[in-house]
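Here are my notes for a colleague who is meeting this structure for the first time. Please read them with the model open beside you.

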Amino acid sequence: MARCYSGFVPNRHPPLPQIWLISDARNDHALERALARLPRGSGLIYRHYHLDPAARRARFDALARMARRFGHRVILSGTARQARAWNADGAYGAAEKLAPGPTTLRLATVHSLHELARAHRARADAVLLSPVYPTRSHPGAATLGPVRFHLLAARSAVPVIALGGMNRHRARHLPSRKWAAIQGLA
């Protein structure tokens with residue numbers, strides 16, 4: 001169970017997966033293969049912002065069916081209401097988008113201590129803390145590095161999922177055993 005932080009009480013959900021695959025246009029061609037290779041009980045965070053609404057929903061439904069065949073959790077990038085309507089296991093995004101709506105698993109994106117506090121106020125069940133390492137998606141952007149990642153992760157009242165330049169090797173060298181990747185798994 002997570003530590004309490006300023007009166008924060010975490011939502012009750014089954015344990016979180018250790019490994020998360022995050023979808024987008026860059027890895028779309030390899031998602032089915034990646035989902036099949038992930039350890040049973042991993043997670044899929046579905047983004048696919050590049051698709052129009054009807055195509056995005058159709059692709060979500062197809063990937064969700066496959067992911068569930070492998071026992072994976074399926075999280076939708078969007079509001080808690082939208083995640084519930086799409087029959088996703090939860091919602092992913094910035095804390096402001098996650099706060100209102102029905103009770104569901106909430107994964108918040110976090111890049112700073114300020115955003116971590118917002119995630120706690122939004123009742124996030126876990127945070128994706130990034131970018132830990134340099135990434136192809138944000139070339140030249142500042143990174144946390146292992147030390148700053150550890151310092152921020154230690155302040156979290158909820159589980160932390162490492163994101164940004166992550167792969168199996170790098171995940172072994174972080175205090176958090178939960179990690180996510182876009183291209184590091186596809």
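1. This is a predicted model, and a good place to begin is the side chain of Arg 170, which lies over the face of Tyr 133, at 4.4 Å from the ring centre.

2. Turning to rings that pair with each other, the structure holds two aromatic pairs. In one of them, Tyr 46 and Phe 60 meet edge-to-face, with 5.3 Å centre to centre and 70 degrees between the planes. This pair links distant parts of the chain, since Tyr 46 belongs to strand β2 (residues 43-46) and Phe 60 to helix α2 (residues 53-69), 14 residues apart.

3. Phe 60 also pairs with Trp 86, in a tilted arrangement with 5.2 Å centre to centre and 55 degrees between the planes. Because Phe 60 lies in helix α2 and Trp 86 in the loop between α3 (80-85) and β4 (90-93), the pair ties together parts that are 26 residues apart in sequence. Ring pairs thus link Tyr 46, Phe 60 and Trp 86 into a cluster; Tyr 46 is buried, as are both Phe 60 and Trp 86.

4. Strand β2 deserves a look of its own: Gly 43 and Ile 45 point one way from it, Leu 44 and Tyr 46 point the other way, and all are buried.

5. Strand β1 (residues 19-22) runs parallel to β2 and is joined to it by three bridges, with Leu 21 standing opposite Leu 44. Between these strands the chain passes through helix α1 (residues 31-37), in a β-α-β crossover that is right-handed.

6. Strand β3 (residues 73-77) pairs with β2 in the parallel sense over four bridges, and Arg 73 in β3 is the bridge partner of Gly 43. The crossover from β2 through α2 to β3 is right-handed.

Conventions:
Residues numbered from 1 in each chain as written. Predicted model: local features only at pLDDT ≥ 70, side-chain atom pairs only at ≥ 80, totals over all residues. Heavy atoms only, no water. Phe/Tyr/Trp six-rings, centres within 6.5 Å; stacked < 30°, edge-to-face > 60°. Helix = DSSP H or I, 4+ residues; strand = E, 2+ residues; numbered from the N terminus. Buried < 20%, exposed > 50% of the residue type's maximum accessible area, 1.4 Å probe, protein only. Lys NZ or Arg CZ within 6 Å of the ring centre and 35° of its normal. Pairing = 2+ DSSP bridges. Right-handed = clockwise from strand over helix to strand, strands pointing away.
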